[in-house]
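Here are my comments on the model you sent, set out as numbered points. Please read them with the coordinates open beside you.

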Amino acid sequence: MASFEASSRDEGEGSNQTSLKTVRESLIRQEDSIVFSLIERARHPYNAAAYDNSSLKSSGSSLAEIFVREAEHLHAKAGRYDNPEEIPFFSEDLPLPLLPPYNYPQVLHPVAASVNITKTIWNMYFNELLPILTTKGDDGNYASTLALDLACLQALSRRIHYGKYVAEVKFRDAPMDYSSAIHDKDREALMRMLTFERVEEMVKQRVAKKAMVFGQQVTLEEDNWGGDTLNYKVDPTLISRLYSDWIIPLTKVVEVEYLLLRLD
Ligand SMILES: O=C(O)C(=O)C[C@]1(C(=O)O)C=C[C@@H](O)C=C1
């Protein structure tokens with residue numbers, strides 16, 4: 001089995017360099033959307049009332065769940081979920097698109113449709129990420145807050161589920177090596193094969209730098225580049241930690257789950 005850490009290919013960019021390269025370019029472009037949407041959400045305090053299931057006596061759901069459900073209903077009419085990169089958090093009873101579907105390229109194996117960790121992402125976002133991203137308090141702007149939450153959830157889900165595309169190009173690059181671990185249902189071996197530590201380190205450093213650029217306080221005074229974290233809207237090391245603790249690990253979960261089904 002090829003050594004995936006020390007292969008001659010630099011960080012996995014070998015025979016299918018174009019494909020893996022293109023996939024990684026998409027992940028890098030998605031960083032911009034994720035970093036910016038997190039910085040925008042941090043404009044508001046936590047606003048707990050929007051997430052409290054008991055706050056709406058009538059429905060038993062939180063305002064957040066109702067907001068996302070109804071937003072996804074509208075987005076479904078606009079064809080959002082025809083795109084295999086887009087997965088709704090509430091998939092039941094969604095309406096059909098109003099326009100004829102766009103013919104998206106079929107890159108993934110059909111089993112990709114059954115790899116869905118939206119519930120994990122939802123719980124991570126509201127229970128782990130949001131409490132450390134936002135200040136305590138309530139400013140009453142629940143509609144604006146939930147619109148920003150929706151943008152964060154969609155960007156995070158798109159990026160994490162993009163792990164299917166990464167896994168597909170890696171499988172095509174070394175089908176025999178991956179097939180052996182898939183047949184053995186060896187999750188640990190698959191995780192080792194698909195992991196490139198140096199790539200992960202570059203991701204963490206780059207998103208922290210993007211948080212500095214996107215989150216700096218722009219003034220007409222002398223540039224204060226590289227100031228301390230007090231000059232940033234969100235601590236850049238926090239954004240790096242969000243990638244390290246959740247976004248990258250959940251992407252790898254998607255890669256492993258997709259690969260386990262790839263030979264079905
Ligand atoms: O670029 C890859 O090879 C990926 O699998 C993506 C990713 C990531 O989530 O950023 C995940 C696992 C790798 O160790 C490196 C990076």
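**Notes on the predicted model**

1. Helix H9 covers residues 236-261, and its 26 residues reach 37 Å from the first C-alpha to the last, which is close to the 38 Å expected at 1.5 Å a residue. H9 nevertheless has a kink of about 40°, centred on Tyr 243. The model is a predicted one, and the kink should be read with that in mind.

2. The overall architecture is helical: the secondary structure of the protein comes to 9 helices and 0 strands, and from the N terminus on the elements run α-α-α-α-α-α-α-α-α. Among the contacts in the protein with a separation of 6 or more, 76% are accounted for by residues 24 or more positions apart.

3. As for burial and surface, 47% of the 264 residues in the protein are buried. The accessible surface comes to about 14000 Å², and carbon and sulfur atoms hold 54% of that area.

4. The largest nonpolar core contains 66 residues, and within this core Leu 129 and Tyr 178 touch the most other members. H9 supplies the largest share of the core, with 13 residues, so the helix of the first point deserves attention here as well.5. Helix H5 (residues 163-173) is largely enclosed by the rest of the structure, because 10 of its 11 residues are buried. The buried residues of H5 include charged types as well as nonpolar ones by name: among them are Lys 164, Glu 168, Lys 170 and Asp 173, together with Val 166, Ala 167, Val 169 and Phe 171.

6. Which residues surround Asp 149, leaving aside its neighbours within four places in sequence? Asp 149 lies in helix H4 (residues 142-161), and it counts as buried because its relative accessibility is 1%, under the 20% cut-off. Its contacts, with those sequence neighbours left aside, are Arg 41, Tyr 51, Tyr 125, Phe 126 and Leu 130. With Tyr 51 there is also a polar contact between the two side chains, at 2.4 Å.

7. Glu 128, found in helix H3 (residues 118-133), counts as partly exposed, because its relative accessibility is 41%. When residues up to four places away in sequence are not counted, Glu 128 touches Asn 123 and Trp 246. Glu 128 and Trp 246 are 118 residues apart along the chain, while their C-alpha atoms are separated by 9.3 Å.

8. Two backbone positions should be inspected for their phi values. Most residues other than glycine have a negative phi. Asn 47, in the loop between helix H1 (17-41) and helix H2 (63-77), has a positive phi near 60°. Is Asn 47 buried or exposed? Asn 47 counts as buried, because its relative accessible area is 0%.

9. The second of these positions is Asp 93, which lies in the loop between H2 and H3 and has a phi near 60°, again a positive value in a residue other than glycine. Asp 93 counts as exposed, because its relative accessibility is 69%, whereas Asn 47 is buried.

Conventions: Residues numbered from 1 in each chain as written. Predicted model: local features only at pLDDT ≥ 70, side-chain atom pairs only at ≥ 80, totals over all residues. Heavy atoms only, no water. Helix = DSSP H or I, 4+ residues; strand = E, 2+ residues; numbered from the N terminus. Expected span 1.5 Å × (residues − 1). Bend = angle between axes of the 7 residues up to and from the residue. Core = buried A, V, L, I, M, F, W, Y, C linked by side-chain atoms within 4.5 Å. Buried < 20%, exposed > 50% of the residue type's maximum accessible area, 1.4 Å probe, protein only. Polar contact = N/O pair within 3.5 Å; in protein donor to acceptor, adjacent residues only side chain to side chain. Contact = heavy atoms within 4.5 Å. Areas by Shrake-Rupley, 256 points an atom, 1.4 Å probe, with all protein chains shown as cover.
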